[in-house]
Amino acid sequence: MALNIKKVLISDEIDEKCVKILRDNSIEAVKNTKLSKEELLVEIPKYDGLIVRSATKVTAEVINAGKNLKIIGRAGTGTDNIDDKAATKRGVVVMNTPAGNTLSAAEHTCCMIVCQARNIAEARATMREGKWDRKKFMGNELFGKTLAIIGLGRIGREVATRMQSFGMTTIGYDPIIPGSVSAEFNVEWLELKDIWPRADYITVHTPLIPQTKNLLNDEVFAACKKGVKIINCARGGIIDEAALIRALDSGQCSGAGLDVFVQEPPPADDPLRSHPLVTCTPHLGASTVEAQNRVAEEIAQQFVDARDGKQLFGA
Ligand code: NAD
Ligand code: MLT
């Protein structure tokens, strides 16, 4: 079915290629990243399509105000900022670009693991203070350590193969990917209860859904090896942040690498921002030139294909 898409609003910072592809294909594209919530409600009825990254909250109110809206595109993976139930109710198609930023998110995760092993962020902070502290920052090799990967989808498996090149043993869990499949990329599939006592590092790569909310909690930290390190470059809330702080303070957890938070941005006084054992970045997993080029191109092309009645793809 071809969608009548003539005019599209791009309301988040998305690579210019998106605008170019839409215009080259005779779709009017307007980029306005400065709209307030109220202004968006006034503007949206003028458009057939809306393209966002994560800043714009596409609530039921926005969707219902979009009287001409036929399609919403997310230049990225997670569609958690789009009320997909409200969209379905109104027959509005929701699309994403699930693979465009996979490699960037996987590489960011690997950086976090390496930073954790060698205290890179903390050591760099002390250099900036004029110090030369070689004793404080004794690290550990990754070689021979066990990395647990929770969620063996696109990003999880890319992390696995990259960290195997450091000599890490990779174990993991996913309710949908069976052990026979994970064995193909050298991840030993285990039940969660068998993962916790074996892991030196745990990295999560699941969506945030009711089944994964607070998946890593006090009980799980207690079942882990003392000194386990935790990485979250997926979604804030998969790890119970209060439990993580307790585990870091008690020494049960010896470090965490966090790209995502329950509240983004986290409050200025959030203890995770300043905790000496936490390496954190402001949701940068997909923030590479390459990934942003890809997702911009992909979402624009998907809109053109939807207009031309080609097969729909994504969320
Ligand atoms: P994906 O859909 O390819 O893989 C997710 C996997 O999680 C699936 O295989 C699924 O079966 C599994 N899963 C679902 N419930 C689970 C559970 N209860 N326990 C274990 N596994 C479970 O997704 P992806 O592209 O690999 O993305 C993974 C996460 O990374 C998503 O949350 C996505 O939004 C996030 N992400 C973050 C960034 C960033 O900038 N930090 C960039 C891209 C993606
Ligand atoms: C995603 O879901 O794709 C990520 O959160 C990356 C992003 O767009 O910032």
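Select ligand 2 and the residues around it: by class, this shell holds one nonpolar, seven polar and one charged residues. Here Ala, Val, Leu, Ile, Met, Phe, Trp, Tyr, Cys and Pro count as nonpolar, Asp, Glu, Lys and Arg as charged, and the others, Gly among them, as polar. The residues to highlight are R53, S54, G76, T77, G78, N101, H283, G285 and A286. A residue belongs to such a shell if its C-beta atom, placed from the backbone, lies within 6 Å of the molecule.

A word on what you are viewing: this is a predicted model, in which local features need pLDDT of at least 70 and side-chain atom pairs count only at pLDDT 80 or more, while totals for chains, interfaces and linings use all residues. Residues are numbered from 1 along each chain as its sequence is written, and chains are lettered from A and ligands numbered from 1 in the order in which they are written.

**Next stop: ligand 1**

Now select ligand 1, which 31 residues surround; the closest are G78, G151, G153, I155 and G285. Two elements, α5 and α7, give two or more residues to this shell. (Helices here are DSSP runs of H or I with at least four residues, strands are E runs of at least two, and both are numbered from the N terminus.) Helix α7 gives the most, with three residues. By class, the shell around ligand 1 has 14 nonpolar, 13 polar and four charged residues.

**Along helix α7 and its strands**

Stay with α7 and colour its buried residues: I155, G156, R157, E158, V159, A160 and M163. A residue is buried if 20 or more other C-beta atoms lie within 10 Å of its own, exposed if 12 or fewer, and partly exposed in between, with C-beta atoms placed from the backbone. What do the buried residues of α7 pack against? They pack against α5, β6, β7 and β9, where contact means that the C-beta atoms of two residues, placed from the backbone, lie within 7 Å.

Select strand β6 (residues 146-150) next; four of its five residues are buried. From β6 the chain crosses through helix α7 (residues 154-164) to β7, and this β-α-β crossover is right-handed. That term means that, with the strands pointing away from the viewer, the path from the first strand over the helix to the second runs clockwise.

β6 pairs with strand β7 (residues 169-173) in the parallel sense over five bridges; strands count as paired if DSSP finds at least two bridges between them. To see the match, show A148 opposite I171 and T146 opposite T169. β6 also runs parallel to β9, joined by four bridges, and there L147 has Y201 as its bridge partner.

Zoom out to the open sheet of seven strands, in the order β8-β7-β6-β9-β10-β11-β12, with parallel pairing. Its edge strands are β8 and β12 (278-280), each pairing on one side only.

**Over to β4 and β5**

Select strand β4 (residues 71-74) and β5, which run parallel and are joined by four bridges. G73 stands opposite M95 in β5. In a regular strand the side chains alternate between the two faces of the sheet. In β5 (residues 93-96), V93 and M95 point one way and V94 and N96 the other, and all are buried. Add helix α4 (residues 84-89) and you have another right-handed β-α-β unit, made with β4 and β5.

**Down helix α13**

Helix α13 (residues 289-307) has 19 residues and reaches 27 Å from its first C-alpha to its last, close to the 27 Å expected at 1.5 Å a residue; the expected span is 1.5 Å times one less than the number of residues. Its buried residues include A291, V295, I299, Q302 and F303. They pack against β1 (7-10), α1 (17-24), β3 (49-52), β4, β5 and α5 (102-118). Just after α13, look for G309, with a positive phi of about 80 degrees.

**Last stop: backbone details**

Most residues other than glycine have a negative phi, and most peptide bonds are trans. Select N186, which is not a glycine yet has a positive phi of about 60 degrees. N186 sits in the loop between α8 (179-182) and β8 (188-189). Is N186 buried or exposed? N186 counts as exposed because it has 12 C-beta neighbours inside 10 Å.

N214, also not a glycine, has a positive phi of about 55 degrees and is found in the loop between β9 (201-204) and α10 (218-223). With 16 C-beta neighbours inside 10 Å, N214 counts as partly exposed.

Finish at the cis peptide bond between E264 and P265, where omega is about -5 degrees. P265 lies in the loop between β11 (253-258) and α12 (271-274).
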